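This report describes a protein model through its overall composition and a selection of local features. The sequence and the coordinates are shown first.

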Amino acid sequence: MKSKLRIKQLRRGGLRRDLEQIMKCLSTGEQLREVEKMIPSSEFVASKDFSLSVFSSKVDVAEKKPDTRNIEEAELSLRESSSLNYEEARALLGRIEYQKGNIEAALHVFEGIDIAGVTPKMKLTLAKRVDRRKRRSNDYASTPMSIHAVSLLLEAIFLKAKSLQHLQRFREAAQSCTIILDIVECSLPEGLPENFGADCKLQETLIKAVELLPELWKFGDSPHEAILSYRRALLHQWNLDAETTARIQKQFAIFLLYCGGEASPPNLRSQMDSSFVPRNNIEEAVLLLMILLRKVSLKRIEWDPSILDHLSFGLSMCGDLRALANQIEELLPGVINRKERYKFLALCYYGAGEDLVALNLLRKLLHSSEDPHCVPALLLASRICWEKSNLAEEGINFAHWALESLDDECNELEGTCNLLLGVAQSTHSKSALSDSERVSRQSEALKSLESAWKIMRMKDPNILYYLSLENAEQRKLEAALYHAKLLLKLEGGSNIKGWLLLARILSAQKRFVDGETVLNAALDQTGKWDQGELLRTKAKLQIAQGQFKSAIETYSQLLAVVQVQSKSFASGKMLHKDRSSRSFELEIWHDLAYLYISLSQDRDAEICLSKSKAINSYSAVRNHVTGLLYERKGLLKEALKAYWNALDMDPNHAPSLISAAVVMRQVGGQSNAVVKSLLMNALRVDRMNPSAWYNLALLHKDEDTSASLYEATQCFEAAAVLEDSEPVEPFR
């Protein structure tokens with residue numbers, strides 16, 4: 001027994017000495033015939049056309065110490081096969097040159113390996129090794145190669161790919177890397193068993209190749225091949241560890257989000273019928289990022305903040321910020337900071353249109369125990385409140401609070417704070433109980449907006465828009481026109497809101513032809529899908545000029561666009577921020593019904609109302625139009641009933657309030673107090689409505705007292721002034 005052990009040790013020592021001599025010979029650049037003498041192979045290690053000058057091209061560079069694994073790998077191959085053949089010797093030589101930094105020399109050596117010739121042997125060796133593992137057999141004689149030789153050759157192919165990558169020959173590198181995956185996948189179609197190749201570097205080389213291949217295709221400007229490589233890496237069983245899999249999933253998601261192209265959907269043969277299959281790049285990227293977040297929640301991988309950043313972008317592109325909020329809420333406490341969670345969720349719910357939920361989250365964040373001076377949160381809270389009459393005062397407080405929390409040097413944020421403050425003050429002015437209070441609040445609003453404009457030095461189109469809008473609503477039309485023109489120039493006509501505001505200001509100045517010219521210019525620069533509001537305003541300008549036939553043609557063109565759009569997209573597709581294509585179509589049918597009633601074309605008006613009812617039977621505007629139709633026919637009781645129905649649906653519908661008051665005066669039997677209450681409610685909703693002022697003047701005149709006559713005179717004057725400056729559509 002001792003003699004056998006001694007013989008074995010002597011043999012190992014002899015092999016190690018032989019290998020050390022081989023390594024010394026190869027690393028010092030001695031004649032390759034010395035290697036031939038020491039390797040019991042009939043073939044020569046290095047080809048005769050290989051010049052020693054290639055090996056010594058970097059002799060002036062400090063050589064790296066060769067890895068001792070070279071000796072160990074070779075010893076294992078020799079121990080198992082009693083010989084080191086031509087390909088294995090080249091694999092060792094190439095590895096040494098690669099480690100020394102002689103990339104071109106290493107590549108030259110690797111290219112001498114007959115990959116096509118040894119591939120069948122490697123495949124057979126891998127397949128039989130798995131078969132032996134299943135049968136728990138230790139019979140190694142039947143394999144054409146040792147597993148260590150396979151590992152050595154696969155590493156050589158990988159290092160060849162790395163050498164090509166260094167030389168920026170990315171496509172060739174990718175093709176070389178693909179060979180590794182093809183060999184393993186063909187040999188082991190069901191995937192690698194656990195701990196397969198644990199006694200050699202095979203698993204390590206395979207993992208590196210799987211991760212490198214997509215990167216090579218990306219650098220080789222082959223996005224389609226890169227996507228297929230990513231999918232192959234994630235769908236085949238490569239025995240990747242959790243961190244490597246997560247890293248590949250993240251890189252794949254990033255590539256899908258930002259590559260700029262559109263990949264074909266994955267064709268998953270193993271996909272279950274009920275499983276979700278992504279239809280495009282964004283959906284596939286979002287799915288991958290959601291999987292990563294779930295892994296974080298299950299503590300399978302470490303938390304990576306960039307996952308949430310990329311997922312936020314992906315779901316924002318999809319318009320599904322509610323889903324993003326759900327993902328954030330599912331994260332375990334402590335994964336992200338509580339304050340950051342409040343901010344993330346508030347932004348998500350705000351983007352999803354759930355303003356009050358977002359506002360409540362911001363209130364929690366801005367509590368004294370959390371972060372009361374968080375300027376972004378204060379600005380968002382003010383933004384949520386600024387155009388809501390019941391929250392405008394709170395919006396003013398948030399804006400003031402943000403101004404107090406600002407650093408002095410941040411002009412941009414100061415300008416934004418003043419913008420938010422001005423809009424909130426403007427909204428708050430509409431709920432003023434007295435004229436003096438309303439005028440005071442409007443003055444403060446203009447002052448804040450002008451301050452924002454000066455701070456930003458006329459560079460922010462939002463400030464110009466709201467400054468022009470506020471001047472227009474206060475009937476300071478020249479100032480409004482000046483700022484609207486500046487806005488159009490600043491934006492280069494790229495924003496439809498600027499064109500619409502300019503056209504409406506011109507219509508308030510009774511410059512209908514100029515307004516239509518502006519809209520025609522806007523239509524020439526706007527895509528067909530975005531022309532809805534422009535065409536609608538154009539039709540109303542044509543009505544104001546008495547061009548009823550042209551207006552009907554414009555509405556017909558508009559309806560055609562909207563109906564094609566509704567068929568092209570889902571019925572809920574948002575044409576505008578505040579309404580869908582169906583609700584916009586509903587408004588168009590109501591406009592046409594109003595027009596036909598004014599032209600005494602009752603039958604056409606009824607057709608329009610039937611079209612409206614088919615879209616939505618619950619509509620205050622439709623009931624108001626129906627009431628006007630009854631009123632024109634002399635059916636006052638039916639008209640009044642229709643107006644009451646409209647007010648049941650929307651108590652603040654100003655046209656129905658005014659029409660109900662008018663019919664009640666005509667029918668009689670009602671006290672003036674009820675009629676006056678209706679008109680005052682209409683003015684509370686729309687202070688600038690000339691019809692409400694005119695009918696209130698008639699009511700005061702009927703009372704026939706000196707005080708009432710004075711009130712009537714004031715109301716007539718207000719009605720006249722407002723009618724002279726009334727736009728064809730509301731400015732806002």
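The sections below proceed from the whole chain to individual helices, loops and residues.

## Overall composition

The model is a predicted one. Its protein chain contains 35 helices and 2 strands. The chain has 732 residues, of which 48% count as buried. Its accessible surface comes to about 36,800 Å², and carbon and sulfur atoms account for 51% of that area.

Contacts can be characterised by sequence separation. Among those in the protein chain between residues at least 6 apart in sequence, 61% join residues at least 24 apart.

## The annotated repeat

An unreviewed UniProt entry carries the annotation "repeat: TPR", which covers residues 620–653. In the model, this span is 79% helix and 0% strand. The C-alpha atoms at the two ends of residues 620–653 lie 7 Å apart.

## Helix α14 and the loop after it

Helix α14 (305–318) has 14 residues and reaches 21 Å from its first C-alpha to its last, close to the 20 Å expected at 1.5 Å a residue. The buried residues of α14 are S306, I307, L308, H310, L311, S312, G314 and L315. Against which helices do the buried residues of α14 pack? They pack against α12 (242–258), α13 (281–297), α15 and α16 (338–351).

α14 is followed by G319, which has a positive phi near 75°. D320 is placed in the loop between α14 and α15 (321–330). With a relative accessibility of 34%, D320 counts as partly exposed, since the partly exposed class lies between the limits of 20% and 50%. D320 and G351 are separated by 31 residues in sequence, and their C-alpha atoms are 8.6 Å apart in space.

## Helices α25 and α26

Helix α25 comprises 13 residues, 512–524. At 1.5 Å a residue α25 should span 18 Å, and its end C-alpha atoms are 19 Å apart, which agrees. The buried residues of α25 are F512, G515, E516, V518, L519, A522 and L523. Viewed down the axis of α25, these buried residues fall within an arc of 155°, so they line one face of the helix. On the other side of α25, V513 and D524 are exposed. The cover over the buried residues of α25 includes α24 (496–508) and α26 (532–544).

Helix α26 also has 13 residues, with an expected span of 18 Å at 1.5 Å a residue; its end C-alpha atoms are 19 Å apart, in agreement with that value. α26 is mostly covered, as 11 of its 13 residues are buried. The buried residues of α26 include the charged-letter positions E533, R536, K538 and K540, along with G532, L534, L535, T537, A539, L541 and Q542. G546 follows α26 and has a positive phi, near 80°.

## Positive phi outside glycine

Most residues other than glycine have a negative phi. Which value does phi of S600 take? It is near 60°, a positive value in a residue other than glycine. S600 is found in the loop between α28 (581–598) and α29 (602–615). At 43% relative accessibility, S600 counts as partly exposed.

D704 likewise has a positive phi, near 55°, and is a residue other than glycine. The loop that holds D704 runs between α34 (690–703) and α35 (706–724). D704 is exposed, with a relative accessible area of 58%, which is over the 50% limit for that class.

## Helix α33 and M680

M680 lies in helix α33, residues 672–685. Its relative accessibility is 38%, and M680 therefore counts as partly exposed. M680 and I658 are 22 residues apart in sequence, with a distance of 9.2 Å in space from C-alpha to C-alpha.

## Cysteines

A disulfide is a covalent bond between the sulfur atoms of two cysteines. With a limit of 2.5 Å between cysteine sulfur atoms, the count comes to 0 disulfides.

Are C177 and C715 buried or exposed? C177 is buried, with a relative accessible area of 0%. C715 is buried as well, at a relative accessible area of 3%.

Notes: Residues are numbered from 1 along each chain as its sequence is written. This is a predicted model: local features need pLDDT of at least 70, side-chain atom pairs count only at pLDDT 80 or more; totals for chains, interfaces and linings use all residues. Side-chain values use heavy atoms; hydrogens and water are left out. Helices (H or I, at least four residues) and strands (E, at least two) are DSSP runs, numbered from the N terminus. Buried means under 20% relative accessible area, exposed over 50%, partly exposed in between (1.4 Å probe, protein chains only). Contact means heavy atoms within 4.5 Å. Accessible areas come from the Shrake-Rupley method with a 1.4 Å probe; for residues, only the protein chains shown count as cover. UniProt positions are given in the numbering used here, feature names are shortened, and annotations may be inferred rather than shown by experiment. The expected span of a helix is 1.5 Å times one less than its number of residues. The arc is that of the directions from the helix axis to the C-beta atoms.
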